[in-house]
Structure formats: C-alpha cells, structure tokens
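Student: Could you take one part of this model and go through it closely with me? I would like to know which elements meet there and what the contact is made of.

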Amino acid sequence: MFQQIVDIQREIYLTFAGHVKDYAAGGGWQSFLAFLPMGIVFGAVHAMTPGHSKSVLATYLAGSSTQAHKALLVSLALSFTHVTMAVVIALFALPLVSHSFVDAGSSPALEVVSRGLLGIIGVWMVLTAVIRHSHAHAEGEGLLMGFAAGLVPCPLTLFVMTFAMIHQVVVTGLLFAATMMMGVALTLSAVALLTVVFRDRISYLMRKHPQLLAFVSRATGGLAGLVLVAIAAVEIANWGAVQ
C-alpha cells in the first residue's frame, strides 16, 4: 500500500516536471492548466504518507471538546502552514537551504520550534485536565496547535518550488503548490472529522454515566497533553543528539 502511494507520487511529480520543462521551453499554458488539478491528488496522496502531523492532530482533537467545524479549521490551519512554509523557504531562503537543512526536505530548527510549541500546548492541556472540572479550551488554542504542528515545511512542495524556480517559471510552482495544499487539506480534514466522530460517539455511549464521562474527558485531555509533551521532548532530544 505504502509503495503504491510512493509510486503515484513519483508519477505525478515526473509528469509535473515534464509540463514545467515544456512550458519553460516556450510551450503554452493549456497543457499545464489541464494537468493542474492533479496537484490535488498529489497533495492528498502525499498527506497519507508518514508525517504531516496526522497523529498530533488526532491526539489533540481526541482530547479536546472541539466541534467538527472548528476541527476543520484546525486541519486547514495545519495544511496551510505546512505547505506555505515550504513556499516561503523556496522563495526567500533558497540560498540558505544547504545550511539550514541537514537532509533533503527536513529543517531541524523549524522542527524544534514546532515540537516545542506543541509541548507548551501539551503542558497547558495537562494542567487544564488536572485543575479544571471541565475541559474548556482557550479561544484560538486549536488554530495555534494547527499552526505549530504545520511549521515543519512540506518537502515535496519545496522540491516542486525549487524545480520551478530552476526553470524560471515560478508561477507554475506556486499554482501547483496551491493545488497540493487543497489535497493535503482534504486528507487532514478527513482525519479531523473521523476523530471528532469517533470521540463524540464514545461520549454519546457514556452519557448515561456523567461522572464517568467527566473523568474520562479530563483523563483523555491530560493523556493527549502528555503525548504532545512526549513528542516535543523526543524530537528536541533527537535534535540535541545530532548537534
């Protein structure tokens, strides 16, 4: 299954590269624009691979009381930040990529910042679960979580933008990155909605036992916070070991 996903990504990327080369050589927009919707498929398939903070997103939503429409906003914030960071790096910091990136598509500094912010949110969730009787969430907490989780740039978006810039057709890279972001958002939104549905279903089954529900809600929020703290600690420790 994973190999099939990788093969689909490779085929779409190679086709994109061919269209960019043709356009850079004087070809028209027609063939590229006809291919552009494949960027949505590319982004959706790519988001199914490991990474993209799917587990972080699901963990946060499972431990929160966020409703479906706000869960979608969290997933959109994550998708937008994840892709946009790669575009910004390609456009404004490409000469520094070789210095700030250890491996292709990875940014240790941004990963540490991202996981550090997630750790802070995790600590807040743990304190909320311990101190408060009800697990209320601060306004904007979910969007902050989405922003923090998405700070690590999308490597394939970076490759797409770099390839387009090398061939001096930046607009094609931007357009394809925009459609990729739609695809990533589709996959992450599906994860968010499934998590909320599962969480709400469990809550519904436990409504006949309100005290047990309150305890489980607080425990789940605290556990979700501990998981976020653990993720942040492991990522920062690994970064420190590399340094």
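**How two helices pack**

Tutor: In this predicted model, α9 and α10 run roughly antiparallel to each other, and this follows because their axes cross at roughly 160°, whereas any angle over 145 degrees counts as roughly antiparallel. Helix α9 covers residues 155-166 and helix α10 covers residues 170-205, and their axes come within 7 Å. As for the hand of the arrangement, α9 passes α10 in a right-handed crossing. On the side of α9, the contact is made by Leu156, Thr157, Val160, Met161, Ala164 and Met165, while α10 contributes Val170, Thr172, Gly173, Leu174, Phe176, Ala177 and Met180. If these residues are sorted by character, 10 are nonpolar and three are polar, and no charged residue takes part in the contact of α9 with α10.

To place this pair in its setting, the protein chain has 11 helices and zero strands, so that its pattern, read along the sequence, is α-α-α-α-α-α-α-α-α-α-α. Of the 243 residues in the protein chain, 42% are buried. Among contacts between residues at least 6 apart in sequence, 83% join residues that lie at least 24 apart. The accessible surface of the protein chain, finally, comes to about 12400 Å², and carbon and sulfur atoms account for 72% of that area.

Key:
Residues numbered from 1 in each chain as written. Predicted model: local features only at pLDDT ≥ 70, side-chain atom pairs only at ≥ 80, totals over all residues. Heavy atoms only, no water. Axes fitted to C-alpha atoms, helices over the stretch in contact; angles between N-to-C directions. Helix = DSSP H or I, 4+ residues; strand = E, 2+ residues; numbered from the N terminus. Parallel < 35°, antiparallel > 145°, perpendicular 65-115°, else oblique. Left-handed = near helix turned anticlockwise from the far one by under 90°. Contact = heavy atoms within 4.5 Å. Nonpolar A, V, L, I, M, F, W, Y, C, P; charged D, E, K, R; others polar. Buried < 20%, exposed > 50% of the residue type's maximum accessible area, 1.4 Å probe, protein only. Areas by Shrake-Rupley, 256 points an atom, 1.4 Å probe, with all protein chains shown as cover.
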